[in-house]
Amino acid sequence: MRSKDTIAVILIIVVLIGGLVFGSYFTQQSTKLPDLPTPELSEGQRGQLGIDKNVNESTIDNYLGREDSVYYDVRMLEDPANYEEIGGDRYLSGLVAGFQVVPYPFLTNVEGLPEAVGATYSGNTLYTHKDNKYVANYKESEQILNDLFPKSKNIFLMCGGGGYSGMLKNMLVDLGWDKNKIYVVGGYWYYEGDYNVQIKQDDGTYAFWRIAYHDIDFDKLTKVEK
């Protein structure tokens, strides 16, 4: 092979290798997840519920689908509490795409609901909140909580009006979770984004099969003797 041909081949190889390296770098850069803002409480009543100032119903579309995060709507499919009395909905009539569902009232006893809505679910729970402590009712309680809400991931919480999700953040933080990895998104009732999944159908029935729902079969768990 002539020297000019050899040089040409070498240049082509260098260009190809350089292109592959640059392409790989560009792909890594373009798929890198943007940093999340540090959780920051909203002002006023929303802040009292624990709703985040930056990651909320208005902005959650910007933070969906992250592999470093889990997304949970913590409402019941049908809540015994009469949330219609405060302009809400006792049914889980819709949710944001990508959110799974695990009912907060199954995790611990509910406290501090508005008097107008009455009482919610009062059956078995993984934990009981008493004397400012969360006490496990089953040997599997801690494992279930860790499986649902991995401490290594960011956790986005949503419900109807914001109350349940704020309560759950308080519970998780009290049990050792990092408060800076948990975002109380707020209430689905106020969501107007592009990723709505409609559960209530035109005929008034509910397509609950569209929900990634985590039930807890308490009969299969081992009670803690107290």
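Helices (H or I, at least four residues) and strands (E, at least two) are DSSP runs, numbered from the N terminus. By this rule the protein has 5 helices and 8 strands. From the N terminus on, their order is α-α-β-β-β-α-β-β-α-β-α-β-β. The model is predicted, so local features need pLDDT of at least 70 and side-chain atom pairs count only at pLDDT 80 or more, while totals for chains, interfaces and linings use all residues. Residues are numbered from 1 along each chain as its sequence is written, and side-chain values use heavy atoms, with hydrogens and water left out.

Two overall values help before the details. A residue is called buried when its relative accessible area is under 20%, exposed when it is over 50%, and partly exposed in between (1.4 Å probe, protein chains only). Buried residues make up 38% of the 226 residues in the protein. The second value concerns contacts, where contact means heavy atoms within 4.5 Å. Among contacts between residues at least 6 apart in sequence, 69% join residues at least 24 apart.

The interior comes next. In soluble globular proteins, nonpolar side chains tend to be buried together. A nonpolar core is a set of buried Ala, Val, Leu, Ile, Met, Phe, Trp, Tyr and Cys residues joined through side-chain atoms within 4.5 Å. The largest such core in this model has 32 residues, and L107, F149 and L168 have the most contacts inside it. The elements giving two or more residues to this core are β1 (69-73), α3 (104-107), α4 (141-148), β6 (154-159) and α5. Of these, α5 gives the most, with 5 residues. Leaving aside neighbours within four places in sequence, L168 is in contact with V74, Y104, L107, F149 and L157. There is also a second, separate core of 19 residues, which includes Y63, L92, F156 and Y191.

A charged residue can be followed in strand β1, where D73 is found. Is D73 buried or exposed? D73 counts as buried because its relative accessibility is 0%. Its side chain is joined to that of R75 by a polar contact of 2.7 Å. A polar contact is a pair of N or O atoms within 3.5 Å; within protein, one must be able to donate a hydrogen and the other to accept it, and residues adjacent in sequence count only if both atoms are side-chain atoms. With neighbours within four places in sequence set aside, the contacts of D73 are L92, L95, F99, Q100, V101, V102, M158, C159 and Y188.

Strand β4 (residues 127-130) holds H129. H129 is buried because its relative accessible area is 19%. A polar contact of 2.7 Å links the side chains of H129 and E111. E111 also appears among the contacts of H129 beyond four places in sequence, together with T108, N109 and Y134.

After β4 comes a loop that leads to β5 (133-136), and D131 lies in it. D131 has a positive phi of about 55° although it is not a glycine. At 66% relative accessibility, D131 counts as exposed. N132 is placed in the loop between β4 and β5 as well. N132 has a positive phi of about 65°, and it is not a glycine either. With a relative accessible area of 65%, N132 is exposed.

The last topic is the pockets. On a 1 Å grid over the protein atoms alone, a pocket is an open set of points with protein on both sides within 12 Å along at least five of seven lines, and lining residues have an atom within 4 Å of a point. Grid points are joined across faces, edges and corners, and a volume is the space filled by probe spheres set on the points. The largest pocket holds about 470 Å³ of space. Its lining has 23 residues, of which L49, I86, G161, G162 and G163 lie nearest the centre. Helices α2 (44-48) and α5 (163-174) each supply at least two residues of this lining, and α5 gives the most, with 3 residues.

The second largest pocket holds about 280 Å³. It is lined by 18 residues, and L41, G50, K169, N170 and V184 lie nearest its centre. Here α5 and β7 (182-187) each supply at least two lining residues, and α5 gives the most, with 6 residues.

Key. 1 Å grid on protein atoms, 1.4 Å probe; cavity = no way out; pocket = protein on both sides within 12 Å on 5 of 7 lines; lining within 4 Å.
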